[in-house]
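Visitor: I would like to learn how to read helix packing and DNA contacts in a model. Can you take me through one?
Guide: Gladly. Here it is.

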2 protein chains.
Amino acid sequence: MAKAAAKLKKIEREPLWDLAHVQLRDALLAGHFAPGRALPLRDLAESFGISITPVRDAITRLVAQGVLQQGPRNAAVVPTLTVRELRNLTIVRCELEGRAAREAAANADPKGLQALQAGLRTMQDMIERESLTRYLDVHREFHFGIYAMADIPVLLEMVENLWLRCGPVLSFVVPHYVLLRKGTDHHAAACDAIRRGDGAAAEAEIVADIEGAARYLESLADAHGIIQRSAVASVRPGGS
Amino acid sequence: MAKAAAKLKKIEREPLWDLAHVQLRDALLAGHFAPGRALPLRDLAESFGISITPVRDAITRLVAQGVLQQGPRNAAVVPTLTVRELRNLTIVRCELEGRAAREAAANADPKGLQALQAGLRTMQDMIERESLTRYLDVHREFHFGIYAMADIPVLLEMVENLWLRCGPVLSFVVPHYVLLRKGTDHHAAACDAIRRGDGAAAEAEIVADIEGAARYLESLADAHGIIQRSAVASVRPGGS
DNA sequence: CTCCGTTGTTTGTTATAACAAACAACAAGC
DNA sequence: GCTTGTTGTTTGTTATAACAAACAACGGAG
């Protein structure tokens, strides 16, 4: 009987290495780990309360995705973004996300458009109230609402990868950036263009949004220690 | 033989999971595994003569890269490419490889150009002699010679991922395709455009090359069982 | 003959232990 | 005082065993 019940209920038990992967990914995105920091397997395993095997699996996956890099001893380290790497990521992002916006304009559905506009209103509300704690989530949902409309899974997957790569840095700056009201107009314009079915305009707006944020981020490169000017970015043992 | 020697003697101390990863990747690219086939860990471990742990690592990495998919039981299966997926991959490939060609034209170096033309001549020789055994390697080197010229590591990495995804299918058809002399002119034209520094032309030629091959591949979809028309693509348990 | 339950096997998952290489620390020698 | 060799610790790698879920095969009941 227990067997029959189990067969009927369809228990879905998520593997531990998947949990570790999600937790690690979210912590990375939240900027919880400093760039260049090493992530020892046993420490993570202990903090998660599991063995090192699933942690190792999660790390392997993240390294394969380019979200983590591997240091000298094959140790996983959170990547340090140089200005050059940020520019390269921006180039690829514009190419891919621009194309996704173009495709989204081609086959936009009313339901998705409605969700987009709802997100737009929510974001504007949040800006007026200056309550930006959940802004990042809505912002992410808005962008990926557009990209999902393109209905090209490979493209969506790659854009997610790109967001993961520049995630911590972007998450740190977007709230500051958005208070200057520089991003919202692009968002609204992109949404309008998609509703009109104007693919070129949608692509242009998304590209402008991405490049604007990247420019702002780059201008802050020296102010905050978020991204490194040089590629070395190592801990100098000497000095004061 | 190299791997046997490496196994007997301790020449290189490359991790085992790296070896497993490379061997699996090459076998996939060579089309050694039928699409839809499951890859049990213990079988692979036995065939490699190692434990299942490094094999599992390699599989995890390949799944994270999208080179392998995971089936119902989290089992790794070699992905079956549907026509729709192939079209989506082609879209992203055109976007990314086209941009790479454009960037390559912007900062082309004489040494790389020389290597490109050498590859071009080798390919033409091979076509005339109809000895296409090593053609795929040269073809791959030619394309990635262009993409490496763009000097954008993230872009190069993503293009490599895309090639891996449609690898087996493409490897199977390219030799047939190239005997029709349909691809070489695009290659030569792209090379010329890069030398002239004409980014737009280089992009157009690469895009034409990719789309031409994709069209040809799609026309063969029904003839050979390479790609599936439908998404199911189940494994027939019946006779061999 | 067909349907269903039981059982044995397969297979992915996780934990643990043994191992090896690299870094840190400390002590001896010049 | 500085360098160097040795040792202890840290940390990634690999193998192995125990485990659980799913599939296949077999046998009994209707």
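Visitor: At what angle do helix α6 and helix α7 of chain B pack, and how far apart are their axes?
Guide: One caution first: this is a predicted model. Now the pair. Helix α6 (residues 110-129) of chain B packs on helix α7 (residues 135-149) of chain B at about 155°. Their axes are 9 Å apart.

Visitor: How is α6(B) oriented relative to α7(B)?
Guide: Angles over 145 degrees count as roughly antiparallel. The angle here is about 155°, so α6(B) is roughly antiparallel to α7(B). As for handedness, α6(B) passes α7(B) in a left-handed crossing.

Visitor: Which residues make that contact?
Guide: On the α6(B) side, look for G112(B), L113(B), L116(B), G119(B), L120(B), T122(B), M123(B), M126(B) and I127(B). On the α7(B) side, look for Y135(B), V138(B), H139(B), F142(B), G145(B), I146(B) and M149(B). By class, the contact of α6(B) with α7(B) has eleven nonpolar residues, five polar and no charged.

Visitor: What does α7(B) do with helix α5 of chain B?
Guide: Helix α5 (residues 83-106) of chain B and α7(B) pack at an angle of about 65°. Their axes are 7 Å apart. The crossing of α5(B) and α7(B) is left-handed.

Visitor: Which residues meet there?
Guide: From α5(B) come E97(B), A100(B), A101(B) and A104(B). From α7(B) come H143(B), I146(B), Y147(B) and M149(B). In the contact of α5(B) with α7(B), six residues are nonpolar, one is polar and one is charged. Note I146(B) and M149(B): they appear in the contact with α6(B) and in the contact with α5(B).

Visitor: At what angle do α9 and α11 of chain B cross?
Guide: Roughly 100°. The helices are α9 (residues 167-178) and α11 (residues 199-219) of chain B, and their axes come within 10 Å. Angles from 65 to 115 degrees count as roughly perpendicular, so α9(B) and α11(B) are roughly perpendicular to each other.

Visitor: Which residues of α9(B) and α11(B) meet?
Guide: V169(B), L170(B), V173(B), H176(B) and Y177(B) of α9(B) meet G212(B), A213(B), Y216(B) and L217(B) of α11(B). That contact of α9(B) with α11(B) has seven nonpolar residues, two polar and no charged.

Visitor: Now the DNA. Which residues come nearest to DNA strand D?
Guide: Begin with the list of neighbours, then look at the atoms. There are 16 residues around DNA strand D. R56(A), N74(A), L16(B), S51(B) and T53(B) come nearest. Of the strand D atoms within 4 Å of the protein, sugar and phosphate account for 60%.

Visitor: Which atoms pair up at DNA strand D?
Guide: Take the phosphate side. A polar side-chain atom of N74(A) is 2.8 Å from a phosphate oxygen of DNA strand D. A polar backbone atom of L16(B) is 2.3 Å from a phosphate oxygen of that strand. Then turn to the bases: an N or O atom in the side chain of T53(B) lies 2.8 Å from a base nitrogen of DNA strand D.

Visitor: Which helices supply the surface near DNA strand D?
Guide: α3 (41-48) of chain A, with α2 (16-29) and α4 (52-65) of chain B, each supply at least two residues. The largest share, three residues, comes from α4(B). The surface near DNA strand D has nine nonpolar, three polar and four charged residues.

Visitor: And which residues come nearest to DNA strand C?
Guide: L16(A), S51(A), R42(B), R56(B) and N74(B), of 19 residues around DNA strand C. Sugar and phosphate make up 61% of the strand C atoms within 4 Å of the protein.

Visitor: What are the atom pairs at DNA strand C, starting with S51(A)?
Guide: A backbone N or O atom of S51(A) is 2.9 Å from a phosphate oxygen of DNA strand C. A side-chain N or O atom of N74(B) is 2.7 Å from a phosphate oxygen of DNA strand C. A side-chain N or O atom of R42(B) is 2.8 Å from a base nitrogen of DNA strand C.

Notes: Residues are numbered from 1 along each chain as its sequence is written. Chains are lettered from A and ligands numbered from 1 in the order in which they are written. This is a predicted model: local features need pLDDT of at least 70, side-chain atom pairs count only at pLDDT 80 or more; totals for chains, interfaces and linings use all residues. Side-chain values use heavy atoms; hydrogens and water are left out. A residue is near a molecule or strand if one of its heavy atoms lies within 4 Å of it. A polar contact is a pair of N or O atoms within 3.5 Å; within protein, one must be able to donate a hydrogen and the other to accept it, and residues adjacent in sequence count only if both atoms are side-chain atoms. Helices (H or I, at least four residues) and strands (E, at least two) are DSSP runs, numbered from the N terminus. Ala, Val, Leu, Ile, Met, Phe, Trp, Tyr, Cys and Pro count as nonpolar, Asp, Glu, Lys and Arg as charged, and the others, Gly among them, as polar. Axes are lines fitted to C-alpha atoms, for helices over the stretch in contact, and angles run from 0 to 180 degrees between N-to-C directions. Angles under 35 degrees count as roughly parallel, over 145 as roughly antiparallel, 65 to 115 as roughly perpendicular and the rest as oblique. A crossing is left-handed if the near helix is turned anticlockwise from the far one by less than a right angle, and right-handed if clockwise. Contact means heavy atoms within 4.5 Å.
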